[in-house]
Amino acid sequence: HSLVITMLIAFIFVSFPLLIFTCPSPPVPLGATFAQISGQNVTYQCEGGLRGVGDRENFCEKGQWQEPTFICASNVAVRKPTLGQDQAFNGGSMLAIDGKYFPEKTSYLCDKLDAKKKVWVVDLMEVVEVVALRISTHIDTKSARGLEIRAGLSPEFPDNPLCWFLPSLVTGQTSLVRCSESVMARYVSISAYNLPSPLYLCEVEVLSPATAQISLAQCGASVEKGVIVFNNMCLFINEEGKEMTFNEGTNFCKDKGMGLLHKQTENIVPVYKFVKKHLQKISKKNRKRMYAWIGITRGVDTKWLWATGSSDNNSSSVSLAEWGAGEPGLVGDCAVMDSGMKWSWNAIGCHISAQVSCQGTPQLCPRPPVPEAARLDEEHLSANDHWWKEGISLVFVCETGYRPSGSGSIQCRSGQWSSSSLKCVNHSCGLLAGSEETLVMYQENRTDWGATAVIRCKEGWVGLDGVKEVEMSC
């Protein structure tokens, strides 16, 4: 009986081998890179200032990687208004949303919660998906307990859903706090009602998936004081009130990689309205009539053309115009928003001085997401860039042993990569058909690309021309 069992085991192993699976390169999320711990285990990390949220590790089982739960996220709170002493979102401290964290410097560079100020609130100025917060506190913070984090659509922060409750927070360092579930929010608050000593908030980052929201760094060379992100556009609103001529304003924006304020297409209209509303507040505060340049000029045939000065402008005819009563007249080849005409457009001379606001599409894309078993083509294989320039095209190809399905071409457009349909399918030859006269031996116990198998005649049998075995490759 033992001989029969031994022969049966040998038959099963030879005819139906315990296959060994090899793992391809892992799928990589947008903005991330990975470090190989072993052939079946990697860890992800984000680059270019993006923040990682989720499980950093990924595992390969039976030749397939798990779907990553790790994402890279953008800080959507940087340079956004916080709640001030007048309980309005103007004049609030910028210390916790300036994008800087210097734990070795004085706590005076941090915002503070104490017995008088118990709530910190930021207005993101638009509705975005919030998945987590990164809270950096100063070492002077003695204790941080009972912190309530809320995120939602209401400026009355107690009405918003609870993101997370922190019984305690380790002070003097940065802590990642994930919401119990992602929430669509405009307002994010941190409340502390039982602080025995001040809580110094040096930096509060509100994180939103980089697949949906660009980061400030993607505005490229224009990332300087005053530049913000809204509706995935880069904006600069001249808060200092310095007025310029039309040509001066055009060159001023061009130096920032942007163009003059406009609403050339429907998708840009929300940006135009946002800037308009902001200028209205400035004008009301200063109690002064305001002119603000619009990126249009009168053409030779009296038609008005878009002339924003940005690289993506094609001088097309103006639509979606907001001319005031009796405008445009016969005088003036440039136009402004005029607070004296209820913020409608007024045709004036291009030499007049007016307020300048700039807008532009992002100039950079983060590292592209990489499908499982894929890599960049030979032209870009050695590239190791955190950021890729606007307009660049890349091609992903499948690794040896995998067949492509779909297109691997992507392009950086307005700070985001176009989608790729590429899937790399494992090339397997399957099991060889045996017979009563032959044995099949799988040399490496696998049947995928590059595997070898030996077909051998059983005892008492001989192949054609006296050959007793043949080696085959997949």
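This briefing walks through the salt bridges, aromatic contacts and internal spaces of the structure above. Please keep in mind that the model is predicted. Its count of salt bridges comes to 12, and a search of the whole structure turns up 9 aromatic pairs. On the side of empty space, there is 1 cavity of 30 Å³ or more, and the second largest pocket holds about 980 Å³.

**Salt bridges**

- As a general point, side chains of opposite charge can pair when their charged atoms come close.
- One of the 12 salt bridges joins R367 to E47, with 2.4 Å between the closest N and O atoms.
- These two residues come from distant parts of the chain, 320 residues apart. R367 belongs to the loop between strand 21 (364–366) and strand 22 (374–376), while E47 belongs to the loop between strand 2 and strand 3 (51–53).
- Both ends of this bridge are covered: R367 is buried at a relative accessible area of 13%, and E47 is buried at 14%.
- Another salt bridge brings together the side chains of E205 and R51, at 2.8 Å from N to O. E205 is in strand 12 (residues 199–209) and R51 is in strand 3, so to speak two distant parts of the chain, 154 residues apart.
- How do the two partners sit with respect to the surface, buried or exposed? E205 has a relative accessible area of 6% and is buried, whereas R51, with 26%, is partly exposed.
- E205 also forms a salt bridge with R134, and here too the closest N and O atoms are 2.8 Å apart. Because R134 lies in strand 8 (residues 119–137) and E205 in strand 12, this pair ties together parts that are 71 residues apart in sequence.
- Through shared partners, the salt bridges of R51, R134 and E205 make up one network.

**Aromatic contacts**

- Two numbers describe a pair of aromatic rings in general: the distance of the centres and the angle of the planes.
- Among the 9 aromatic pairs is the one between Y44 and F70, which is stacked, with 5.8 Å from centre to centre and 20 degrees between the planes.
- Y44 lies in strand 2 (residues 41–46) and F70 in the loop between strand 5 and strand 6, so their pairing ties together parts 26 residues apart in sequence.
- Y44 counts as buried, with 1% relative accessibility, and F70 counts as buried as well, with 4%.
- One aromatic cluster is made of Y272, W304, W306, W323 and W345.

**Charges over rings**

- K105 is placed over the face of F102, 4.6 Å from the ring centre.
- K256 has its charged end over the ring of F236, at 4.3 Å from the centre of that ring.

**The largest cavity**

- In general, rolling a probe the size of a water molecule over the atoms shows where empty space is left.
- The largest cavity has a volume of about 110 Å³.
- Which residues line the largest cavity? They are N75, V76, V78, K80, L124, E126, V128, Q213, I214, L216, I228 and V229.
- Strand 8 and strand 13 (227–230) are the elements that provide two or more residues of this lining, and strand 8 gives the most, with 3 residues.
- By class, the lining of the largest cavity is made up of 8 nonpolar, 2 polar and 2 charged residues.

**The second largest pocket**

- This pocket encloses about 980 Å³ of space and has a lining of 47 residues.
- Of the lining residues, P27, E67, V370, P371 and E372 lie nearest the centre of the pocket.
- Four strands each supply at least two residues of the lining: strand 5 (64–65), strand 6 (71–75), strand 27 (416–417) and strand 28 (423–426).
- Which strand gives the most to the lining of this pocket? Strand 28 does, with 4 residues.
- The lining of the second largest pocket divides into 27 nonpolar, 14 polar and 6 charged residues.

Key: Residues are numbered from 1 along each chain as its sequence is written. This is a predicted model: local features need pLDDT of at least 70, side-chain atom pairs count only at pLDDT 80 or more; totals for chains, interfaces and linings use all residues. Side-chain values use heavy atoms; hydrogens and water are left out. On a 1 Å grid over the protein atoms alone, a cavity is a set of points where a 1.4 Å probe fits but cannot get out, and a pocket is an open set with protein on both sides within 12 Å along at least five of seven lines; lining residues have an atom within 4 Å of a point. Grid points are joined across faces, edges and corners, and a volume is the space filled by probe spheres set on the points. Ala, Val, Leu, Ile, Met, Phe, Trp, Tyr, Cys and Pro count as nonpolar, Asp, Glu, Lys and Arg as charged, and the others, Gly among them, as polar. Rings of Phe, Tyr and Trp (its six-membered ring) pair if their centres lie within 6.5 Å; planes under 30 degrees apart count as stacked, over 60 as edge-to-face and the rest as tilted. Buried means under 20% relative accessible area, exposed over 50%, partly exposed in between (1.4 Å probe, protein chains only). A charge sits over a ring if NZ of Lys or CZ of Arg is within 6 Å of the ring centre and within 35 degrees of the ring normal. A salt bridge is a side-chain nitrogen of Lys or Arg within 4 Å of a carboxyl oxygen of Asp or Glu.
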